[in-house]
Structures are given as C-alpha cells and as structure tokens.
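Visitor: Please take a close look at one part of this model, the place where its two domains meet. What holds the two sides in contact there, and what is each side made of?

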Amino acid sequence: MKRSDIDYLLDEASKLEDIAQSREISEELKGKLLGVMFFEPSTRTRMSFETAMKRLSGECIGFESSGSSSVSKGESIADTAKMFEGYCDALVIRHELEGVSKFISDVVDVPVINAGDGAGQHPTQTLLDLYTIKQEIGSIDNLKIALIGDLKFGRTVHSLANALCLYDNVELYFVSPPELKMPQEILHDLDKMNMSYTEVSNINEIIDKVNVLYVTRIQKERFGDIDDYLKIKGAYIINKKMLEGKDLIVMHPLPRIDEIDGDVDDTKYNKYFKQAANAVPVRMAILKTLIKNNPK
C-alpha cells in the first residue's frame, strides 16, 4: 500500500466520524453483506467491523470461532471461503496462521480484508493506529515512536513499523526483552527502506525522547512453554509517575493485562480507548472504499 492510499483512507475516515458516532445516518452500503470469518477469538476487531458495516446500513453474517463453522467438520478453508463468496460482497478474515487471508484472496473474487493472521500482520489495526496519531498529534511525519513489549509475536507492531516507513523523518525505538525482539525479517524490510530505528531493553533510555509510546501485551497464547511466558510477563509496566512532565501519548491495541497501570486511564496521556473507538470510522472507510469500488 502506498502512502497516498493510506492518506486517502484516513481522510475518508475523518469524513465518516459523524456517522460513526451516530450523529448522522448513512445508507452507503444498504443491501450489502460482509462475511465475517473469524477462526481466532476477537472482541474489538470483530465488533468494530460489524459496527462499521451496520453504521453504513450494511449487514454481517459469519462466525467467531472455527468451532462454529464447518471447518470443525473437516471442510477446507478454501471451500468455506468460496461458500461465503456466494453470499457476501466482501470478506473479513482472522486466522491463527500467517498468510491465510492472502491465500483466500487468491481463491475468491470479492474483496478480502486481513483482520489479523497469527503473528504476522494486522493492517487494518495499523490504519486506525495511524489515524489516532494523526488526530491526536496533527501529523505522522517527524515523530519519534517507541514500540514496546512483545515485538516478536505482536502482529500490530509488525504492520505499524512497515507502514511508518512511508512517512518522513520518523524514528522508531524498539523496546523489548531479548526473547521478544523485532523479527529479523521486519528489520530487513526497514533497512531496505532506510528506516531509522534503535533497539533497547530499558524503557528509561527512550521515554524522554519520544512522542508516542505504543505499548503491547506479552501474548501468553503465543508461547509453547508457560514458564517462558512467566519469566517475562510484566517486563514493562507504564504508570502515571513515569509519564509526568512528558510530552507524549500512550497507545495500546488492547487487550491490556498489566502493562499499563490503571492510574494512566484518567490522564491526558491515555489515548488507547480513543484508539479503539477510532476503529469504527477507519473500518467504515475501508469497507466503503472496497465494496463501492468492487461491485459483484
């Protein structure tokens, strides 16, 4: 995706704010159906896609776990997708395996949206992250942004790091324990784009330098050995005291466990709940653009 494509969607999202917040009514997607194929648990992503579709007067059908689909009976993912294609105008897919959304996009002729694939990518989350930064700070260019926590398995930070390469003079700081460093393939991509980044393990080294703290949880479900998880659980905890006097915002893709203390919630630094709300206008912009431009 080019920067111009991202900027177009962010601009469209801002135009849809009144509809997203129920101040206006839209029938842009009346009569259209979104197929929701979630093979992995989700709260915010699934609900925000469904809300976005309904705010545009469209409807949703689908399932929220593989156990509630015929995949549990042995049906192939490809066959399930082809069946959905016959019913729907677009598909949104979450799966625990990397590359599944790309695979499905090759076997159906309706738009396919990746809503997260394993430890791979989460592109629509990145769009709402960029939207939040732009709304709160005014620009994405010339910022210093710290990505904190699980950088190895965290698909949100993989997508965000790649997208930030498209903006001017952005500096990235990767803050993680050694076991959860940003994957080499992501660093290789950043190197090819001449992206400026620094890897550190101590958050105090960078907290006075940055405009954005993008915090992620240590993902228990990605660990094969629970002891490995317990060793690094709670490695980074952001609290009100460490933020005082700083000129920055705190973001988080949610859910959080203990990595942001509750005392941050009522401060000016907290943008993570606004970030979650921003999912609706951004996903409205994505659905409107894809479905209106790809008639069946």
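Guide: Arginine 155 and glutamate 40 are joined by a salt bridge between their side chains, with 3.1 Å from N to O. This is a predicted model, so the distance is a computed one. Between domain 1 and domain 2 the count of salt bridges is 3. Polar contacts between domain 1 and domain 2 come to 5 residue pairs, with both residues of a pair at pLDDT 80 or more.

On the side of domain 1 that touches domain 2, at least two residues each come from helix H1 (3-15), helix H3 (44-55), strand E3 (90-95), strand E4 (112-117) and helix H12 (279-293). H1 gives the most to this side, with 7 residues. Sorted by class, the side of domain 1 that touches domain 2 holds 10 nonpolar, 8 charged and 5 polar residues.

As for the wider setting, the domain assignment splits the chain into domain 1, made of 3-118 + 279-293, and domain 2, made of 123-264. In the contact, domain 1 takes part with 23 residues and domain 2 with 19 residues. The two domains bury about 1,700 Å² between them, and carbon and sulfur atoms account for 57% of that area. The centres of domain 1 and domain 2, taken over C-alpha atoms, are 26 Å apart.

Notes
Residues are numbered from 1 along each chain as its sequence is written. This is a predicted model: local features need pLDDT of at least 70, side-chain atom pairs count only at pLDDT 80 or more; totals for chains, interfaces and linings use all residues. Side-chain values use heavy atoms; hydrogens and water are left out. Domain bounds come from an automatic or database domain assignment. Contact means heavy atoms within 4.5 Å. Buried area is the accessible area (1.4 Å probe) that two parts lose on being put together, summed over both. A salt bridge is a side-chain nitrogen of Lys or Arg within 4 Å of a carboxyl oxygen of Asp or Glu. A polar contact is a pair of N or O atoms within 3.5 Å; within protein, one must be able to donate a hydrogen and the other to accept it, and residues adjacent in sequence count only if both atoms are side-chain atoms. Helices (H or I, at least four residues) and strands (E, at least two) are DSSP runs, numbered from the N terminus. Ala, Val, Leu, Ile, Met, Phe, Trp, Tyr, Cys and Pro count as nonpolar, Asp, Glu, Lys and Arg as charged, and the others, Gly among them, as polar.
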